[in-house]
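Colleague: I would like to go through this model with you, one feature at a time. Where do we start?

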Amino acid sequence: MAESGASPLPPTPPAHSPLFRAERFMWLTARVLEQRLFAYHFLNGGPDPVETALDAYRNEDGGYGHALEPDLRGPVSQPLHAGHALRVLDAIGRCGGQRVERVCRYLTAVSTADGALPAVLPGQRGYPAAPFLPVVDDPPSELLATGPVVGLLHRNEVWHAWLFRATDFCWQAIEDLEKSHPYEIEAAVAFLDTVPDRSRAEATADRLGRLVREQRLAALDPERLDTYPVAPGYAPHEHHFPHDFARSPDSLARAWFTDEEMSRSLDFLTAEQEADGGWPIRWRQWAPAAALEARPVVTIEALQTLGTYGRFVG
């Protein structure tokens, strides 16, 4: 008999199913935050334990640090950590109220003169960071850091003074794109999928889709990866696939790919689950701890993507 006040036990997935294997992987390797996120998404867990775990990463300035984004180590707040925190709050339906007001005050304080976010602030200097996240004295605004944050705030109908100039920055940055790379395109999609001006977003996404195909930024045939270029600075096998751009069927990026291309992409994603139950990271691995902490994040994302396309089998 369950103890009084205990949460009902979730249904047990079949042994050796993708979810069963992923759950074992999470208990073996994940941080408390990702364990609780996994429980929230797949095991009838509640949002409160997730938010409690996330609070451990929050700093007095309203930002987040302590390697919440695993490729930036150390305690200092960084915009990329704030973006990660907002993704967690969005996932559990808590992206609003005073908790997000605090984040927006932090974003306002660290924005550049054009009202947008740099990827890494100089305060990171002295703490370990991935080599592909350089620390400079006067970092520029980047769509990579700003687009996903603005998109999440719009999706949750958060209205804050910071959003106005940051939204304008994203529009301009996307419209100026002539040559890009997958992560930048994915940041643009995160913005376009939720920004209120839907007609402008659809037209802009259509142009971006043509750019992605012309520049061969998406690997459309996973069995012929050697025929697709890898962006400069990426790891040797750091390809991106249709499911990376269109993480759900509702994404504007879904229209960039045929049904056959998306099916092949999802087949590839399904097959990527490794023997230990987790999914691999495809970017450059530079420190054991960072790689270990990132894999559970990627595993949850893979399961969610497969789920949104009806491909997840418990």
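Modeller: With a definition: a salt bridge is a side-chain nitrogen of Lys or Arg within 4 Å of a carboxyl oxygen of Asp or Glu. Bear in mind that this is a predicted model.

Colleague: How many salt bridges does a search of the whole structure find?

Modeller: The cut-off is 4 Å, nitrogen to oxygen. With it, the search of the whole structure gives a count of 20.

Colleague: Which residues are linked with Arg 31 in a network of salt bridges?

Modeller: Start with one pair. Arg 31 bridges to Glu 34, with the closest N and O atoms 2.8 Å apart. Both Arg 31 and Glu 34 are buried. The network that holds Arg 31 also takes in Glu 34, Arg 73 and Glu 293.

Colleague: Glu 51 and Arg 99 meet in a salt bridge. How many residues apart in sequence are the parts that the pair ties together?

Modeller: The N to O distance is 2.5 Å. Glu 51 sits in helix α3 and Arg 99 in helix α5, so the bridge joins parts whose separation in sequence is 48 residues.

Colleague: Is Arg 99 buried or partly exposed?

Modeller: Buried means under 20% relative accessible area. Its partner Glu 51, at 13%, is buried. Arg 99 has 24% relative accessibility, so the residue counts as partly exposed.

Colleague: What separates Arg 105 and Glu 101 in helix α5?

Modeller: Their side chains form a salt bridge, 3.6 Å from N to O. Arg 105 is partly exposed at 48% relative accessible area, and Glu 101 is partly exposed at 32%. The two are four residues apart in the helix, so the separation is about one helical turn.

Colleague: Now a charge without a bridge. How far from Asp 71 is the nearest side chain of opposite charge?

Modeller: Asp 71 lies in the loop between α3 and α4. Outside its sequence neighbours up to four places away, Asp 71 touches several residues, including Phe 132, Leu 133, Trp 283 and Trp 286. Asp 71 is buried and has no salt bridge; the nearest opposite charge is on Arg 73, at 6.7 Å.

Colleague: On to α4. How far apart are its end C-alpha atoms?

Modeller: Helix α4 has 13 residues, and at 1.5 Å a residue the expected span is 18 Å. The model agrees with that, because the end C-alpha atoms are separated by 18 Å.

Colleague: How many of the 13 residues of α4 are buried?

Modeller: Among the buried ones are Pro 79, His 81, His 84, Val 88 and Asp 90. Their cover includes α2, α3, α5, α6 and α12. The helix is largely enclosed by the rest of the structure, because the buried count is eleven.

Colleague: Which residue with positive phi follows α4?

Modeller: The phi in question is near 70 degrees. The residue is Gly 93.

Colleague: How many aromatic pairs does a search of the whole structure find?

Modeller: Ring centres must lie within 6.5 Å to pair. The search of the whole structure finds eight.

Colleague: Trp 171 and Phe 191: what kind of pair do their rings make?

Modeller: The centres are 5.1 Å apart. Planes over 60 degrees apart count as edge-to-face. These planes stand at 85 degrees, so the pair is edge-to-face.

Colleague: How many residues apart are Trp 171 and Phe 191?

Modeller: Both residues are buried. Trp 171 is in helix α7 and Phe 191 in helix α8; the pair links distant parts of the chain, with a separation of 20 residues.

Colleague: Which residue lies over the face of Trp 171?

Modeller: The distance to the ring centre is 4.1 Å. The residue over the ring is Arg 200.

Colleague: What residues, beyond neighbours within four places in sequence, is Glu 175 in contact with?

Modeller: Glu 175 is also in helix α7. Glu 175 is partly exposed, at 35% relative accessible area. The contacts are Arg 200, Thr 204 and Arg 207.

Colleague: Last one. Which residues form one aromatic cluster with Phe 245?

Modeller: Take the pair of Phe 245 and Phe 257: centres 6.3 Å apart and planes at 40 degrees, so this pair is tilted. Phe 245 is in helix α10, and Phe 257 is in the loop between α10 and α11. Both are buried. The cluster joins Phe 245 with Trp 256 and Phe 257.

Key
Residues numbered from 1 in each chain as written. Predicted model: local features only at pLDDT ≥ 70, side-chain atom pairs only at ≥ 80, totals over all residues. Heavy atoms only, no water. Phe/Tyr/Trp six-rings, centres within 6.5 Å; stacked < 30°, edge-to-face > 60°. Buried < 20%, exposed > 50% of the residue type's maximum accessible area, 1.4 Å probe, protein only. Lys NZ or Arg CZ within 6 Å of the ring centre and 35° of its normal. Lys, Arg positive; Asp, Glu negative; His and termini not counted. Contact = heavy atoms within 4.5 Å. Expected span 1.5 Å × (residues − 1).
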